[in-house]
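Subject: Structure handover

Hello,

Here is the structure you are taking over. My notes follow below it.

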Amino acid sequence: MELSQAHRDALQDILLWRRDVRHFLPDPVPVAVLDRLRKAMDFAPSVGNARPWRVLHVKSADRRDAVIRNFETANAQAAELYQDDQRAAYNALKLAGLREAPVHLAIFTETEPEAGHGLGRQTMPEMLNYSTVAAIHTLWLAARAENLGVGWVSILDPQAVAHTLDVPENWHLTGYLCLGKAASDDDTPLLHRNAWQTNAETIWQDV
């Protein structure tokens, strides 16, 4: 297939308007849309075609509440790393949309999958986790194309999340995602707008 300028323009728009969303509307996400997002992940690259990502749609209110408490504890501990004005700035940031987002997805990496027969990961076993990250990014772009936002919550105790969700021992948490309709759209990262960290261009050098 020969892709056109229209394809490149559409992809540029999706990349530009993809944000880490923390402010969500409570509107439910239709099952058909979630199914399209699941299918989009089928196209993600993975080492040895191992496809090690395991996705849990967390619907249980009790389990969601446990994840929220996990975040609040981890966030309070993280705030202790900062001092004075920087701590106040940190505490003022909204770093998760766990309470508002209609969809929670816990995405794990299976560390010993049979699929792929070990190809490509003998010297770099971390490629399994990288494959899951690629699948998450594929989901993220597909969600933006559906006019949905995604927020990646990294301020969590991953072992506690695994315990809360009762997963096998060889499943390691790679990403906990909030998904839903963003309360507003913006083409500038939240941390940039809040003066926490500005954007920097990719370092690309000839050697």
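A residue is called exposed when its relative accessible area is over 50%, buried when that area is under 20%, and partly exposed in between. D84 has a relative accessible area of 64%, so D84 is exposed. Please keep in mind that this is a predicted model.

D84 and another backbone case

D84 lies in helix α4. Its phi is positive, at about 50°, although D84 is not a glycine. N147 is also not a glycine and has a positive phi, of about 65°. The place of N147 is the loop between α5 and β3, the strand that covers 149-153. With a relative accessible area of 48%, N147 is partly exposed, because that value falls between the two cut-offs.

Pockets

The largest pocket has a volume of about 370 Å³. It is lined by 19 residues, and those closest to its centre are L34, R38, V55, H57 and L105. Three elements each supply at least two residues of this lining: α2 (31-41), β1 (53-57) and β2 (103-110). Of the elements, α2 gives the most, with 6 residues. By class, the lining of the largest pocket holds 13 nonpolar residues, 5 charged ones and 1 polar one.

The second largest pocket has a volume of about 270 Å³. Its lining also counts 19 residues, and R19, V21, A182, S184 and D186 are the closest to its centre. Here the classes divide into 8 charged, 6 nonpolar and 5 polar residues.

R19 and its surroundings

R19, one of the residues closest to the centre of the second largest pocket, is located in the loop between α1 (5-17) and α2. Is R19 buried or exposed? At 17% relative accessibility R19 counts as buried, since the value is under 20%. Leaving out residues up to four places away in sequence, R19 touches W140, V150, D186, D187, T188 and P189. One of these contacts, W140, is 121 residues away from R19 along the chain, while the C-alpha atoms of the two are separated by 9.1 Å. W140 has a further partner in R18, whose charged end sits over the ring of W140 at 4.5 Å from the ring centre.

Aromatic pairs and T132

The count of aromatic pairs comes to 3. One of them is formed by F108 and W171, with 6.0 Å from centre to centre and 45° between the planes, and this pair is tilted. F108 is in strand β2 and W171 in strand β4 (residues 171-180), so the pair links distant parts of the chain, 63 residues apart. Both partners are on the buried side of the cut-off: F108 counts as buried because its relative accessibility is 0%, and W171 counts as buried because its relative accessibility is 18%.

F108 is also among the contacts of T132, a residue of helix α5 (residues 127-145). Apart from neighbours within four places in sequence, T132 is in contact with P52, W53, I107, F108, T109 and T174. T132 has a relative accessible area of 0%, and is therefore buried.

P102

Where does P102 lie? P102 is in the loop between α4 (84-92) and β2. Not counting residues up to four places away in sequence, P102 touches L25, P26, D27, P28, V29, R64, L179 and G180. V161 is 59 residues from P102 along the chain, and the C-alpha atoms of the two are separated by 18 Å.

N194

N194 lies in the segment after α7 (190-193). At 40% relative accessibility, N194 counts as partly exposed, because the value is neither under 20% nor over 50%. The C-alpha atoms of N194 and V21 are separated by 14 Å, with their positions 173 residues apart along the chain. V21 is one of the residues closest to the centre of the second largest pocket.

Regards

How values were computed. Residues are numbered from 1 along each chain as its sequence is written. This is a predicted model: local features need pLDDT of at least 70, side-chain atom pairs count only at pLDDT 80 or more; totals for chains, interfaces and linings use all residues. Side-chain values use heavy atoms; hydrogens and water are left out. On a 1 Å grid over the protein atoms alone, a cavity is a set of points where a 1.4 Å probe fits but cannot get out, and a pocket is an open set with protein on both sides within 12 Å along at least five of seven lines; lining residues have an atom within 4 Å of a point. Grid points are joined across faces, edges and corners, and a volume is the space filled by probe spheres set on the points. Helices (H or I, at least four residues) and strands (E, at least two) are DSSP runs, numbered from the N terminus. Ala, Val, Leu, Ile, Met, Phe, Trp, Tyr, Cys and Pro count as nonpolar, Asp, Glu, Lys and Arg as charged, and the others, Gly among them, as polar. Contact means heavy atoms within 4.5 Å. Rings of Phe, Tyr and Trp (its six-membered ring) pair if their centres lie within 6.5 Å; planes under 30 degrees apart count as stacked, over 60 as edge-to-face and the rest as tilted. Buried means under 20% relative accessible area, exposed over 50%, partly exposed in between (1.4 Å probe, protein chains only). A charge sits over a ring if NZ of Lys or CZ of Arg is within 6 Å of the ring centre and within 35 degrees of the ring normal.
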